[in-house]
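Student: I have a model open in front of me, and I would like to learn how to read its fold and its interior with some care. Could we look at it together?

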Amino acid sequence: MNVAYGSLRLGAATLYRRMLSRPHVARWSELDSFEAEWDSRSALIADLVAPGARVLEFGAGRRRLEALLPTGCTYVPSDIVSRGPGTLVVDLDARPLPSLSAIEPDVVVFAGVFEYLGGLADVPAWLAGEVSTCIASYECAASPARSVARLRETARRYRNGWVSTYTEDELVDLFAQVDFTCTSRRTWTTPDGAERVFVFERR
């Protein structure tokens, strides 16, 4: 079902999938769903990765990050559908979340993924047992929890297809609860807004 970004119809479809814990597989199966401007976010994230790192990218999409990584890096794609040979196909809202021991990543990357995860609160604890560094982008909420403004903001986010609503501090706290420290924050800016990029490290 094709629905307009920001529409009430998309909001209703998102709510339905959220209630059933079903990802929007059809949308992400088509590579024309990926905006060219997202490449600049991949470039920003690549600059945060150390040379020689083994990188696992969730939401690999067109695999633009792969070409932008520093010298000597190894890249493993992951997504809701296959993105070519070696793809780890994972639904991040399904439980249990998978072991990453066969991949042994140094860094996991989530670019434009967290907004679509209804079970985002479970992700930091899972990662704490799998990896020491997580780089993630997120368009943070502006309104306080348990407020009328938060309800309105959540409704607007549903019309974008997003099913999670966290402020910057709330997201950092989710990771802090399992001993991830936010060691760096950057801002990726587009004509439509700004998205924060976080580096979380667990030592």
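Student: How much area does the protein chain expose, and what share of it do carbon and sulfur atoms supply?

Tutor: Bear in mind throughout that this is a predicted model. The exposed area of the protein chain is about 10100 Å², of which carbon and sulfur atoms supply 51%, while 48% of its 203 residues count as buried.

Student: Which order of helices and strands does the protein chain follow along the sequence?

Tutor: There are seven helices and seven strands, and along the sequence they follow the pattern α-α-α-β-α-β-β-β-α-β-α-α-β-β. If we take contacts between residues at least 6 apart in sequence, 57% of them join residues at least 24 apart.

Student: Which residues have the most contacts inside the largest nonpolar core?

Tutor: That core has 33 residues, and those with the most contacts inside it are Leu92, Val108, Phe110, Phe114, Trp126, Leu127 and Leu171. At least two residues of this core come from each of strands S1 (54-58), S4 (107-110), S5 (133-138) and S7 (193-201), and likewise from each of helices H5 (123-128) and H7 (168-176). Another core, of 19 residues, lies apart from it and includes Val55, Leu65, Val107 and Val197.

Student: What is Trp126 in contact with, leaving aside its neighbours within four places in sequence?

Tutor: Trp126 is then in contact with Phe58, Leu92, Leu97, Pro98, Leu100 and Phe110.

Student: Which residues of helix H3 are buried, and what covers them?

Tutor: In H3, residues 38-46, the buried ones are Arg41, Ser42, Leu44, Ile45 and Ala46. Their cover includes helix H4 (64-68) together with strands S4, S5, S6 (181-190) and S7.

Notes. Residues are numbered from 1 along each chain as its sequence is written. This is a predicted model: local features need pLDDT of at least 70, side-chain atom pairs count only at pLDDT 80 or more; totals for chains, interfaces and linings use all residues. Side-chain values use heavy atoms; hydrogens and water are left out. Helices (H or I, at least four residues) and strands (E, at least two) are DSSP runs, numbered from the N terminus. Buried means under 20% relative accessible area, exposed over 50%, partly exposed in between (1.4 Å probe, protein chains only). Contact means heavy atoms within 4.5 Å. Accessible areas come from the Shrake-Rupley method with a 1.4 Å probe; for residues, only the protein chains shown count as cover. A nonpolar core is a set of buried Ala, Val, Leu, Ile, Met, Phe, Trp, Tyr and Cys residues joined through side-chain atoms within 4.5 Å.
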